[in-house]
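Open the model in your viewer and keep the selection tool handy. We will go from stop to stop, with something to pick at each one.

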Amino acid sequence: MTYNYNEAVKYLEGAALLGSKHGLSDLEGLLWLMGSPEKGLNIIHTAGTNGKGSFCAYTESILREAGYSVGVFTSPHLIKYNERFSLNGEDISDEELAAEVFYVKNKVEEYFGGKNEWFSFFEIMTAVCFSYFSKKKPDFLILETGLGGRLDSTNTVKNPLYTAIMKIDLDHTEFLGNTIEEIAAEKGGIIKPNRPCVLYPRQPSAYPVIKQIAEEKNSRLFYSESIDLNILNSDYDGIVFDIETEYFKYKALCSKMAGLYQPGNIAAVLTGVEILKDLGYDINKEAVYRGVEKAKIRGRMDVVSKDPLIILDGAHNMNAGTEFSAYLKSVGNRYGKITLVTGVLADKNPVPLIEKLSENADRVILTMPPSKRAFNPNPAEISLNKETYYINEPKAALEKALSFNDGAVFVTGSLYLIGEVMNIINRGKGKLNDRFEKGNRKI
């Protein structure tokens, strides 16, 4: 039977509009009706404010280089829903996604006895994830939480191989709490009894909370208060560094994902690798070196053109904005002037976030992500003390940035903006460099 992809997308969009979160018990009931597909999978479960995507990408790449098949469930997507489900680096096909969505849709109707009730969008996507990967049977499934951890739909998983809690910061405070400690308690909800947990290094505020949860659940906690780190080279093409903790030691690791924050993410990943080795999985150092170097995330320090230099990075909250700004400072004038195109969401403390993202750029173009939650930048509210333009339409904002032709263009802020700019570039004809020939900066 052939399933219609567009109809499946309409159902998902309907769930986003009409659905409501039923909670873990109802979702567990739905999964039971589906034959509990989550139970036969070797799952690595991750939560955190920042770094989850990097954790998934590096871990997936290393495991594949070690010869294993790996599924990944992550969010959000930038262009298509398919991006949320990948197997060995390939997104789920349109037909397979449509088939899984309609299978879950039928099970939802059965669960509610034919009543017109909806699970939330993310609950449905989680059910789709487990159904799809239970059929594909990868050696590993890397599972990223959507929001928080304790009450997240992915927390229907009971026996992961291990959990990984990445960097914790203030975000989604209306749902998770107003302090690092409160948010850590929510993220720590994914820790499972008698299963090890990795905590992103150097988090003195979060550590006592996570440590207490781990002790209560008899979970061995892997945490480094400090890292011996030596950065050998950093450029838009990536970063090379030596790194050592009490759990591992590597010389001259090379990551093609730029950013001075990546060694911290990689430290958590490599600690998880040591856990897997202790569990009997064969992962040699060569696989680690190759995996770290080959890892990539769409829209995260993503070089989409080298001439002119255009880099996309979804730094969408204050912590990520601070890291992004530090990277721009480290760049200096190496690539010429830095023109920043940025647009953020209104619920992300937008003015301070824009100020942080912009502080080390030479000029700034403020725009709006294609979202109902987009922040409309008002010149009366924002004074950046540098050359600033207000162009609400992202395509026109990007064309303005390219018109200067005197250095690098960075696009940052909301992932909605990053996805839209990717679409703008992808809609162009021919090779990317052909679209931006000197004297013709139209896209």
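Start by selecting Tyr 11, Leu 12, Ala 15 and Ala 16 in helix α1, then add Phe 121, Ile 124 and Met 125 in helix α5: these two groups meet each other. Sorted by type, the residues of this contact are 7 nonpolar, with no polar and no charged ones. Before going on, keep in mind that this is a predicted model.

Now widen the selection to the whole of both helices, residues 5–18 for α1 and 121–136 for α5. How do their axes cross? They come within 7 Å and cross at roughly 140°, which makes α1 oblique to α5.

**Helix α2**

Leave α5 displayed and select residues 24–33, which form helix α2. Its buried residues are Leu 24, Leu 27, Gly 29, Leu 30 and Leu 31. What do they pack against? Color α4 (94–111) along with α5, and you have the partners of the buried residues of α2. Just after α2, click on Gly 35, where phi is positive at about 90°.

**Strand β2 and its two partners**

Next, pick residues 70–73, strand β2. Look at both faces: Val 70 and Val 72 are buried on one side, and Gly 71 and Phe 73 are buried on the other.

Add residues 140–144 to see strand β5, which pairs with β2 in the parallel sense over 4 bridges. Within that pairing, Val 72 has Ile 142 of β5 as its bridge partner. Then add residues 85–87, strand β3, which runs antiparallel to β2 and is joined to it by 3 bridges. Here Phe 73 stands opposite Phe 85.

While you are in β3, click on Ser 86. Is Ser 86 buried or exposed? Its relative accessibility is 12%, so Ser 86 counts as buried. Beyond its neighbours within four places in sequence, Ser 86 is in contact with Val 70, Gly 71, Val 72, Asp 91 and Phe 133.

**Two hairpins in a row**

Move along to strand β10, residues 238–244, where 5 of the 7 residues are buried. Display strand β9 (228–235) beside it: β9 and β10 pair in the antiparallel sense over 7 bridges, and a hairpin joins them through 2 residues. To find your bearings in this pair, look for Ile 231 opposite Phe 241 in β10.

Then add strand β11, residues 249–255, which pairs with β10 in the antiparallel sense over 5 bridges. The hairpin from β10 to β11 passes through 4 residues. In this pair, Ile 239 has Ser 255 in β11 as its bridge partner.

**Val 292**

Keep Ser 255 on screen and select Val 292, which lies in helix α10 (285–294). Val 292 is buried, with a relative accessible area of 1%. Which residues is Val 292 in contact with, leaving aside its neighbours within four places in sequence? The list is Tyr 58, Ile 62, Leu 253, Cys 254, Ser 255, Lys 256 and Ile 266. If you want to try the distance tool, go from Val 292 to His 45: these two are 247 residues apart in sequence, and their C-alpha atoms are 19 Å apart in space.

**The six-stranded sheet**

For the next view, bring up the open sheet of 6 strands in the order β12-β13-β17-β14-β15-β16, with mixed pairing. Its edge strands are β12 (302–306) and β16 (387–390), each pairing on one side only. Direction ignored, neighbouring strands are turned by 15° against each other on average.

Zoom in on β13 (309–313), which pairs with β17 in the parallel sense over 4 bridges. Asp 313 of this strand stands opposite Thr 412 in β17. Now show the helices that touch the sheet. Helix α14 (415–427) packs against β12, β13, β14 and β17, and its direction makes about 130° with that of β17. Helix α11 lies across β13, β14 and β17, running at about 170° to β17.

**Last stop: helix α12**

Finally, select residues 350–358, helix α12, where Pro 350, Val 351, Leu 353, Ile 354, Leu 357 and Ser 358 are buried. Why are these on the same side of α12? They cover an arc of only 160° around the axis, and that puts them on one side. What covers these buried residues includes α11 (318–331), β14 (337–343), β15 (363–366) and β17 (407–413).

How values were computed
Residues numbered from 1 in each chain as written. Predicted model: local features only at pLDDT ≥ 70, side-chain atom pairs only at ≥ 80, totals over all residues. Heavy atoms only, no water. Axes fitted to C-alpha atoms, helices over the stretch in contact; angles between N-to-C directions. Parallel < 35°, antiparallel > 145°, perpendicular 65-115°, else oblique. Contact = heavy atoms within 4.5 Å. Nonpolar A, V, L, I, M, F, W, Y, C, P; charged D, E, K, R; others polar. Buried < 20%, exposed > 50% of the residue type's maximum accessible area, 1.4 Å probe, protein only. Arc of directions from axis to C-beta. Pairing = 2+ DSSP bridges.
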